[in-house]
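Work through the exercises below with the sequence and the coordinates at hand. Each task is followed by a solution in steps.

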Amino acid sequence: MFTIKDFYHDFGIHLSLLIRAGEKGLGKCINLPDIERPGLALTGFMKGYSLKKILIFGRVELEYLSSLSPSVRTKRLSNVLSPKLRMVIIARGISPFPEMKNLCDKREIPLFTSSHTTSHVMQKITYFLGRSFSKSISCSGTLVEAYGKGVLIQGDSSVGKSETALGLIERRHRLVSDDVVIINKREGAYLEGEGPKISRHLMEIRGIGIINVAHLYGAVCISEKANIDVVVKLEVWDDDHFYDRVGLEEKHKEFLGVSVPFYVLPVKPGRDVVLLIETIVLNHRLKKMGVNSAKEFNIKLLDTIAKKQETV
């Protein structure tokens, strides 16, 4: 449940919000990440006008209202300022009309002013609410940021996820979250991971206990959030299992409807898992740049076979 009070607490400083009326309505829930300007509704044309959104008044709306007589202005505002509104924000630091304050107090509609421009306020609110209402799940794993790419390390318990992450941190990569990762879908197109607040910057290492990465390695080795670009599953090496040695087959894992490149990395004594994960990330970056070593090798191999067949 996301209330107007939560919105004010989380984003009030960023938007330079000052509450001017309707404090009793701060407990209202924001159910939709939608904002609107009153527009034609101020002229009395109410068709298609939504009553449950956040209403933004800019300079144009205030100038129009100032051209009306007090009685007409009160009537128009009475139509627009429905008790079902979530809240009202006046941009550019313009003081609200007394009629506006009275109606908002009477109908318990929180009324704020912001010193920012109308377009800036609308842009920021859309961004903030979009993040607040985005879909999210939590999963088991450790999220690190290596070479600017987010790597979600998964695997069975005691396979070495935290130890691998610790090795990456020693190489000056960054820890985002250990053990539990909260995955958020952003803008319907990409995934962002973060850790629970209670365990932020902390890692559990068997035989040692809880360590604070920020204290041990410095603030440069932690990150609050990171996009999830690659998923690596660690599993104990199985001699009977066939592991891909070329890399032509590209696997993906899906979270919240978004597919992410997926790699299975077998673990056994003597394998430098930290180095292998760094290699996976660097190879992933190359693929994003259009360089696929496995496909290039396959093309050369097929070309060589074709030439040999021609000489036979």
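Two strands count as paired if DSSP finds at least two bridges between them. The model is predicted.

**Exercise 1. Lay out the five-stranded open sheet: give its strand order and find its edges.**

Step 1. The order is S1-S5-S4-S3-S2, and the pairing is mixed.

Step 2. Strand S1 (17-21) and strand S2 (35-36) each have a single partner strand, so they stand at the edges and one side of each lacks a neighbour in the sheet.

Step 3. S2 is joined to strand S3 (residues 54-57) by two bridges, and the two run parallel. Isoleucine 35 lies opposite isoleucine 54 of S3, and glutamate 36 has leucine 55 as its bridge partner in S3.

Step 4. On to the next pair: S3 and S4 are parallel, with four bridges. Here leucine 55 stands opposite valine 88 in S4.

**Exercise 2. Describe how the faces of S3 are covered and which helices pack on the sheet.**

Step 1. In a regular strand, side chains alternate between the two faces of the sheet.

Step 2. In S3, Ile54 and Ile56 are on one side, Leu55 and Phe57 on the other, and all are buried, leaving both faces covered.

Step 3. H4 lies across S1, S3, strand S4 (87-90) and strand S5 (111-114), and runs at about 80 degrees to S1. Helix H5 (residues 118-132) also packs on the sheet, where it touches S2, S3, S4 and S5, and its direction makes about 160 degrees with that of S3.

**Exercise 3. Characterise the packing of H3 against H4 by geometry and by residue class.**

Step 1. Two packed helices are described by the angle between their axes and the distance between the axes.

Step 2. For helix H3 (residues 70-80) and helix H4 (residues 98-107), the angle is about 35 degrees and the axes are 10 Å apart. The crossing is right-handed.

Step 3. H3 contributes Pro70, Arg73, Thr74, Leu77 and Ser78, which meet Glu99, Met100, Leu103 and Arg107 of H4. Sorted by class, this contact holds four nonpolar, two polar and three charged residues.

**Exercise 4. Decide whether strand S17 is enclosed, and identify its partners.**

Step 1. Of the ten residues of strand S17 (residues 258-267), seven are buried, so the strand is largely enclosed by the rest of the structure.

Step 2. With strand S15 (residues 230-236), S17 pairs in the parallel sense over six bridges. Lysine 233 has valine 264 of S17 as its bridge partner.

Step 3. With strand S16 (residues 251-255), S17 pairs in the antiparallel sense over five bridges. Phenylalanine 255 stands opposite valine 258 in S17.

Step 4. S16 and S17 form a hairpin with two residues between them, and leucine 256 in the turn has a positive phi of about 55 degrees.

**Exercise 5. Follow the chain through H6 and into the loop after it, and place arginine 172.**

Step 1. Eight of the ten residues of H6 are buried, so H6 is largely enclosed by the rest of the structure. Among the buried residues are Lys161, Leu166 and Ile169.

Step 2. Arginine 172 lies in the loop between helix H6 (161-170) and strand S9 (174-177). Its phi is positive, near 75 degrees.

Step 3. Beyond four places in sequence, arginine 172 touches Tyr217, Val220 and Cys221. Its C-alpha atom is 9.8 Å from that of glutamate 145, a residue 27 positions away along the chain.

**Exercise 6. Is serine 223 buried or exposed, and what does it contact?**

Step 1. Serine 223 sits in the loop between helix H7 (213-217) and strand S14 (225-227).

Step 2. The cut-off for buried is under 20% relative accessible area. Serine 223 has 12%, so it is buried.

Step 3. The side chain of serine 223 reaches the backbone oxygen of lysine 225 at 2.9 Å. Outside its neighbours within four places in sequence, serine 223 is in contact with Arg174, Leu175 and Val176.

**Exercise 7. Examine the positive phi of serine 16 and of glutamate 108.**

Step 1. Most residues other than glycine have a negative phi.

Step 2. Serine 16, in the loop between helix H1 (4-15) and S1, is not a glycine, yet has a positive phi of about 55 degrees. Its relative accessibility is 30%, so it counts as partly exposed.

Step 3. Glutamate 108, in the loop between H4 and S5, also has a positive phi of about 55 degrees. At 36% relative accessibility, glutamate 108 counts as partly exposed.

Notes: Residues are numbered from 1 along each chain as its sequence is written. This is a predicted model: local features need pLDDT of at least 70, side-chain atom pairs count only at pLDDT 80 or more; totals for chains, interfaces and linings use all residues. Side-chain values use heavy atoms; hydrogens and water are left out. Contact means heavy atoms within 4.5 Å. Axes are lines fitted to C-alpha atoms, for helices over the stretch in contact, and angles run from 0 to 180 degrees between N-to-C directions. A crossing is left-handed if the near helix is turned anticlockwise from the far one by less than a right angle, and right-handed if clockwise. Ala, Val, Leu, Ile, Met, Phe, Trp, Tyr, Cys and Pro count as nonpolar, Asp, Glu, Lys and Arg as charged, and the others, Gly among them, as polar. Buried means under 20% relative accessible area, exposed over 50%, partly exposed in between (1.4 Å probe, protein chains only). A polar contact is a pair of N or O atoms within 3.5 Å; within protein, one must be able to donate a hydrogen and the other to accept it, and residues adjacent in sequence count only if both atoms are side-chain atoms.
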